[in-house]
Amino acid sequence: VTHSIPACIGNMTINSKQLDNESPVSIFAVNRCYETVQDGTFFDGSGFAALVREGYKVRSDVNITLEFRTTAAHGVLLGVSSAKVDAIGLEIVHGKVLFHVNNGAGRITAAYEPRGTNSLCDGKWHKLQANKSKHHISLIIDGNLVHTDNPHIQSTSADTNNPIYVGGYPADVKQNCLTSKSSFHGCLRNLVLTKGQHTELFDFSRAFDLRGVFPHSCPGAEH
């Protein structure tokens, strides 16, 4: 077994002596346990998760679904970029959800603005679906559809080759379709990317780089 257990462990004794959990000699990727817990992955607002080390190729079509829960009005949800301009990005800015796509000819954005300023940042779960089909892009938040016209109809493929960054990205990594540098603070779950018939559910515990991200458990209320 090479990966850690997604669980809480307490009251451990060795030779009848109780171990002191409060002052460990060293600690790595261990968070506190919550009295009330929900499925999902907790992002503490300081980092990111990096998936697909060899690079994710968006190309002409991709459908992204995820659920998020936050009380912050700003935060990166997901970004996939390239060394050039091609990229996609999902982010929360001023309580709005933005889906950016650049197929090489220029960035276009689908923006969902809720009626209430903080209605997406209310600490409750919200469902997001972002779809790119050639030059068409759309965004569905809690069943509400937003799509945008794209003047660059000849440009259909986002030729990305970098990892998928979720919840933020390293300072030295360029993201051509994200305007925010704020790391996400809250919980994410059920991240699925679909291309044609291929559907992939991403397990954050299998990310190749995790900073400030705690897979498999979210506090029942914001901490």
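Entry 1. I count a residue as buried when its relative accessible area is under 20%. I applied this term to strand β6, residues 75-81, in a model that is predicted. I found β6 mostly covered, with seven of its seven residues buried.

Entry 2. I then looked up the partners of β6. Strand β7, residues 87-93, runs antiparallel to β6, and six bridges join the two. I noted one pair in particular: Gly75 has Ile92 of β7 as its bridge partner. The connection between β6 and β7 is a hairpin of five residues.

Entry 3. I also recorded a pairing of β6 with strand β13, residues 164-166. This pairing is antiparallel and has three bridges. Here Gly79 is matched with Tyr165 of β13.

Entry 4. I turned to the protein as a whole. I counted 17 strands and zero helices. Buried residues account for 44% of the 223 residues. Of the contacts between residues at least 6 apart in sequence, 73% join residues at least 24 apart.

Entry 5. I checked the overall dimensions. The C-alpha trace spans about 70 × 40 × 35 Å along its principal axes. The radius of gyration is 19 Å, which agrees with a compact globule, because for 223 residues such a globule would have a value near 17 Å.

Entry 6. I closed with the surface and the charges. The protein exposes about 12200 Å², and carbon and sulfur atoms supply 49% of this area. I listed 20 positive and 20 negative side chains, and the centres of the two sets lie 5 Å apart.

Definitions and conventions: Residues numbered from 1 in each chain as written. Predicted model: local features only at pLDDT ≥ 70, side-chain atom pairs only at ≥ 80, totals over all residues. Heavy atoms only, no water. Helix = DSSP H or I, 4+ residues; strand = E, 2+ residues; numbered from the N terminus. Rg over C-alpha atoms; globule rule 2.2 N^0.38 Å. Buried < 20%, exposed > 50% of the residue type's maximum accessible area, 1.4 Å probe, protein only. Contact = heavy atoms within 4.5 Å. Areas by Shrake-Rupley, 256 points an atom, 1.4 Å probe, with all protein chains shown as cover. Lys, Arg positive; Asp, Glu negative; His and termini not counted. Charge placed at Lys NZ, Arg CZ, Asp CG, Glu CD. Pairing = 2+ DSSP bridges.
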